[in-house]
Amino acid sequence: MAKETVKTLTKEPTKAGASPTIAGTRSKVIEVPEVVTVRDLATLAEISPIDLIKQLMANGIMANINQPLDFDTAAIVLSDLGFEPRLPRSADEEIPEEPAAPAEPATATARFIAAETEGNLKPRPPVVTVLGHVDHGKTSLLDAFRQTHVASGEAGGITQHIGAYQIEKEGKKITFIDTPGHAAFTAMRARGAQVTDIAILVVAADDGVMPQTIEALDHARAAHVPIIVALNKIDKANAQPDRVKQQLADRGLLIEEWGGDTMLVAVSARTHAGIEDLLSGILLVAEDANLRANPDRFATGTVIESRMDKSRGALATLLIQNGTLSLGDTLVIGPIIGRIRAMEDQQGKRLKSALPSTPVVVLGLPQVPQAGDVFQVYTDERSARQVAAGRAAEQRQTVSTVIRPQNLEEMFAALEGTDLKEFNIVLKADVQGSLQPIQTSLERLGDEKHRIKILRQAIGNISENDVNLAVASDAMVVGFNVEADSIARELAETRHVAIRRYSIIYELLEEMAEIVKGEVKPEFAEVQTGKGEIRAVFEIAKRGKIAGVFVTEGTVYRNGSAIVKRGGRKIGEGRLSSLKRFQDDAREVATGYECGLMIDGANDMVQGDTLEFYRKERIK
């Protein structure tokens, strides 16, 4: 076999009039400095700087000819162009080897085990999310964890924030997800990502249980994860721990000290008192949960956060939930396909592989994925592209990335054939005097095979947070003497969440009784709402056809459907996946106005076709 040619950067001047375009046979392996300008990199690769800048732009990086690039960015671009970049030998020796990295198998398929068996499941670190009311010390508690128990080799502290990090306690690792709060926690679940093993509920001893504390508790319960209460600020003179314990008991959370099964640890994020006990408690709960994963398979996991970096391109923080993620793996995140060109830990140290429950930052994705999206590594790029193409098509056919069966009709269908029919409900009322009797009455409805489970009950109008909880838990929202705010209504409409509002208690209870026992199932009819004429059709790459429509009669609704006719003959039909007025999304467009819309499955539309709009409405 011919020996590989290694190209290194030299400062030889280019002949006058010569263009540094591709010439001769390219060197396969190129040694690239840790920092190199676009001009020098083009010279090194013997390609035109313009071609190199185009490739950088294709990766989302805007750079001029004199812009310096780090090695990771240069490596991504060169790999796309068919080169094999590496650091110079002397610099390469300075890169610390990853400790305890799993040995790379001889073949890719050797790393993949399709079926999980008792023999290949190994213990993994717990993944913990910290929730609670604002100003009760969530951030301070996370900082206290970081300062007291950074993982081995991280004595210098955390050098970059990646949305997740690991600490080490008693030789065992714990992964913390640093989220903005329970809203983000539930939004991830709503997208199909269950990332948390344990939820820490932070309650300030001097402030007690507050509205966001209750919301966080409801969301943690709905996720069916163990809860540990961190009673923070115990060092304050006005701390009242017994009052907090009573408030928690009133919300149905009974601590171990009072005969319950919920662990409570008194801590002070300021003085670090109780931090060791809290970490030990997390390890104890994790041991009881018997958390395990299979490191000998291709990785799956979730995007924790993502962003576009000006010089490095798309960056994504991934939490590996099963399998081992390795440099060079091809993965699919939603409709995005990419190859891992570089991988870093929370300190920015380069990794070759990462095990389950490990958070890593990856480079090499062509665009920024959404937080909460699930990723999967595939054995070959062809399979990955097929999966990504299928997901992209699905995404074009729906308003939201994930639509779960939420409306009442689909809830009945989902429960059909099951022995136990349990309806999840988010309950809102105008005053406490109404909330309590409704809650008690609803919990008494049904029998051993039919029952209602109230995920949360609260005072006030129906909010976006209520709908998010319903999406994540396949629930319906029931309101008494309350309104739904505009954001909640729009979200419920796009995510197919049933919102039912009442002003008379006995009507609420009667209809809920009929629903839970399946005695009255909702019936729907197709009702025509309007007509329109296609004035223009635009083809958009990767999305399909968009029709410019003039509404000639009635109203077109975003949650409706349309029949496409040509010469009076039906040629297509589908659900509206998009409705816009100019550049803005629209809920409805009335007679005499123009709009742009997309129809699922109707790709043969031409100018002059007519549309008949309709939507399903419930028959009382």
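Colleague: Hi! Let's start with helix 2 and helix 3: at what angle do their axes cross?

Modeller: In this predicted model, the axes of helix 2 (residues 49-58) and helix 3 (residues 71-80) cross at roughly 105 degrees and come within 10 Å. That angle makes helix 2 roughly perpendicular to helix 3.

Colleague: Nice. Which residues meet there?

Modeller: From helix 2 you have Leu52, Gln55 and Leu56, and they meet Thr73, Val77 and Asp80 in helix 3. Sorted by class, the contact has three nonpolar, two polar and one charged residues.

Colleague: Before we go on, what is the mean pLDDT of the protein chain?

Modeller: The mean is 78, and 78% of the residues reach 70 or more. Among the elements, strand 12 (residues 263-266) has the highest mean pLDDT, 95, while helix 4 (residues 89-94) has the lowest, 44.

Colleague: And where is the pLDDT below 50?

Modeller: Residues 1-5 are one such stretch, with six contacts in the model beyond near neighbours in sequence. Residues 150-160 are also below 50, and that stretch has 24 contacts counted in that way.

Colleague: OK, on to the sheets. What is the strand order in the six-strand open sheet?

Modeller: The order is 8-9-7-10-11-12, with mixed pairing. Strand 8 (164-169) and strand 12 are the edge strands, each pairing on one side only. From one strand to the next, the twist averages 30 degrees.

Colleague: Is the pairing of strand 7 with strand 9 parallel or antiparallel?

Modeller: Parallel: strand 7 (residues 127-132) and strand 9 (residues 172-177) pair over three bridges. Val127 has Thr175 in strand 9 as its bridge partner.

Colleague: Which helices pack on that sheet?

Modeller: Helix 7 (residues 211-222) packs on the sheet and touches strand 7, strand 10 (198-204) and strand 11 (227-232). The direction of helix 7 makes about 165 degrees with that of strand 10. Helix 9 (residues 275-289) packs on the sheet too, touching strands 7, 8, 9, 10, 11 and 12. The direction of helix 9 makes about 100 degrees with that of strand 9.

Colleague: I was looking at His133. Where is it, and is it buried or exposed?

Modeller: His133 lies in the loop between strand 7 and helix 5 (138-148). His133 counts as buried because its relative accessible area is 11%, which is under the 20% cut-off.

Colleague: What is His133 in contact with?

Modeller: Leaving aside neighbours within four places in sequence, His133 is in contact with Lys138, Val202, Met210, Pro211, Gln212 and Thr213. As for Gln212, the two residues are 79 apart in sequence, yet their C-alpha atoms are 4.6 Å apart in space.

Colleague: Changing topic: which residues other than glycine have a positive phi?

Modeller: Lys233 is one of them, with phi near 65 degrees. Lys233 sits in the loop between strand 11 and helix 8 (241-250). Ser357 is another, with phi near 70 degrees, and its place is in the loop between strand 20 (353-354) and strand 21.

Colleague: Is Ser357 buried or exposed?

Modeller: Buried, with a relative accessible area of 1%.

Colleague: You mentioned strand 21. Which strands share an open sheet with it?

Modeller: Strand 21 belongs to a seven-strand open sheet in the order 18-17-22-14-15-21-19, where the pairing is antiparallel. The edges are strand 18 (336-339) and strand 19 (342-344), each pairing on one side only. Here the twist averages 35 degrees from one strand to the next.

Colleague: How many bridges are there between strand 15 and strand 21?

Modeller: Six, with strand 15 (residues 313-322) and strand 21 (residues 359-365) antiparallel. Within that pairing, Leu365 in strand 21 is the bridge partner of Ala314.

Colleague: What do strand 29 and strand 30 form?

Modeller: They form a hairpin with two residues between them, and Gly567 in the turn has a positive phi of about 65 degrees. Strand 29 (residues 561-566) and strand 30 (residues 569-581) run antiparallel and are joined by six bridges. Val564 stands opposite Gly572 in strand 30.

Colleague: Last one: where is Thr555, and what is it in contact with?

Modeller: Thr555 is in strand 28 (residues 544-557) and is buried, with a relative accessible area of 16%. Beyond neighbours within four places in sequence, the contacts of Thr555 are Thr529, Gly530, Glu588, Val589, Ala590 and Phe613.

Conventions:
Residues numbered from 1 in each chain as written. Predicted model: local features only at pLDDT ≥ 70, side-chain atom pairs only at ≥ 80, totals over all residues. Heavy atoms only, no water. Pairing = 2+ DSSP bridges. Helix = DSSP H or I, 4+ residues; strand = E, 2+ residues; numbered from the N terminus. Axes fitted to C-alpha atoms, helices over the stretch in contact; angles between N-to-C directions. Parallel < 35°, antiparallel > 145°, perpendicular 65-115°, else oblique. Contact = heavy atoms within 4.5 Å. Nonpolar A, V, L, I, M, F, W, Y, C, P; charged D, E, K, R; others polar. pLDDT = per-residue confidence, 0-100. Buried < 20%, exposed > 50% of the residue type's maximum accessible area, 1.4 Å probe, protein only.
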